[in-house]
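Please open the model in your viewer and keep the sequence panel beside it. The stops below are meant to be selected one after another.

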Amino acid sequence: MSRFATTHWSIIVHGHDQPGQSQEALVAICETYRRPVLSYLRSRGHDTSDAEDLTQEFFTRLIEQRWDRRADPGRGRFRSFLLTALNRFLSNEHAARAAACRGGDLRQVELDDNLGDPYPGRSPEQAFNHAWALTVLRNAGHALERECRGPDKAALYEAINGFLVEKPTAADYQIVARRLGMKPNTVAVHVHRMRQRLRELVQAELVQTVTDAESLEAELEALREIVGIPGGSNVAAG
């Protein structure tokens, strides 16, 4: 359990006796996972401007009013808490707008229900989860890129970063090998090692959103399902 004791979500749900540290962790995790909330709101029919405003208001209230204190530590996952809190927020917000409409304040009642679906074929929950998965992968990818900024790794990273999710062919290895002056087998070894490191960084990203090993495995499985990565992939294997 020590692995999870200092993660953002563990600090939030278990750290109410340290409000300063818990507040910092809440701000950090909310900043990271803003995009899924925005995607959910857009898929509910809100235009970009309204979705941005609602996202800002949602996180402002979540942080200032410490909605996390209502979270059940046994649930284990920030993603579940965030979506539940968002649905409650929207329900209250729509009720307030409807009341404003009945009172004559028409300017506050632009729910944008007829703007069309910006995510055709996806439910709001699917849009939320897809954006969450992409956020996890993007953050892990950025972390890997930062690690490879040194002069001895930058050229290699640029040449093989496209192989980290999609498996390269023998011809791909040949092309990169000629470009870098390496043997194809050497390139393959570097790809394997970099994919392994990306997998570790994906898990490190997810660890910040859970409180236990069981929840981590559940989030890894959800990530694989959402983005279509096979269970044995080096990117998100458990």
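The tour goes from the whole chain to single residues, and then to one helix and its packing partner.

**Before selecting anything**

This is a predicted model, in which local features need pLDDT of at least 70 and side-chain atom pairs count only at pLDDT 80 or more, while totals for chains, interfaces and linings use all residues. Residues are numbered from 1 along each chain as its sequence is written, and side-chain values use heavy atoms, with hydrogens and water left out.

**Stop 1: the whole chain**

Show the whole protein as a cartoon and you will find 11 helices and 0 strands, where helices (H or I, at least four residues) and strands (E, at least two) are DSSP runs numbered from the N terminus. Of the 238 residues, 42% count as buried; buried means under 20% relative accessible area, exposed over 50%, and partly exposed in between, with a 1.4 Å probe and protein chains only. Residues 24 or more positions apart account for 68% of the contacts with a separation of 6 or more, a contact being heavy atoms within 4.5 Å.

**Stop 2: R66 and S22**

Select R66, which sits in the loop between α5 (48–64) and α6 (78–102). Its phi is near 55 degrees, a positive value in a residue other than glycine, and R66 is buried, with a relative accessible area of 7%. Which residue's side chain does R66 join in a polar contact? The partner is S22, at 2.8 Å; a polar contact is a pair of N or O atoms within 3.5 Å, where within protein one must be able to donate a hydrogen and the other to accept it, and residues adjacent in sequence count only if both atoms are side-chain atoms. S22 belongs to helix α3 (residues 19–32) and is buried, with a relative accessible area of 1%.

**Stop 3: V27 and S43**

Stay on helix α3 and select V27, which is partly exposed, with a relative accessible area of 27%. The C-alpha atoms of V27 and T60 are separated by 9.6 Å, with their positions 33 residues apart along the chain counted as their separation. Move next to S43 in helix α4 (residues 34–43), a buried residue with a relative accessible area of 11%. The C-alpha atoms of S43 and P124 are separated by 5.1 Å, although these residues are 81 residues apart along the chain.

**Stop 4: helix α11**

Select residues 213–227, the 15 residues of helix α11, which at 1.5 Å a residue should span 21 Å (1.5 Å times one less than the number of residues); the end C-alpha atoms are 21 Å apart, which agrees. D212 caps the N-terminal end of α11, with a side-chain oxygen 3.3 Å from the backbone nitrogen of E214. Just after α11, G228 takes a positive phi of about 75 degrees. The buried residues of α11 are S215, L216, E219, L220, A222, L223 and R224.

**Stop 5: α7 against α11**

Add helix α7 (residues 124–147), which packs against α11 at an angle of about 105 degrees, with the axes 10 Å apart. That makes α7 roughly perpendicular to α11, a label for angles of 65 to 115 degrees. In α7, residues N129, H130, W132, A133, V136 and L137 meet E219, A222, L223, I226 and V227 in α11. By class, this contact has 8 nonpolar, 2 polar and 1 charged residues.

Terms used:
Axes fitted to C-alpha atoms, helices over the stretch in contact; angles between N-to-C directions. Parallel < 35°, antiparallel > 145°, perpendicular 65-115°, else oblique. Nonpolar A, V, L, I, M, F, W, Y, C, P; charged D, E, K, R; others polar.
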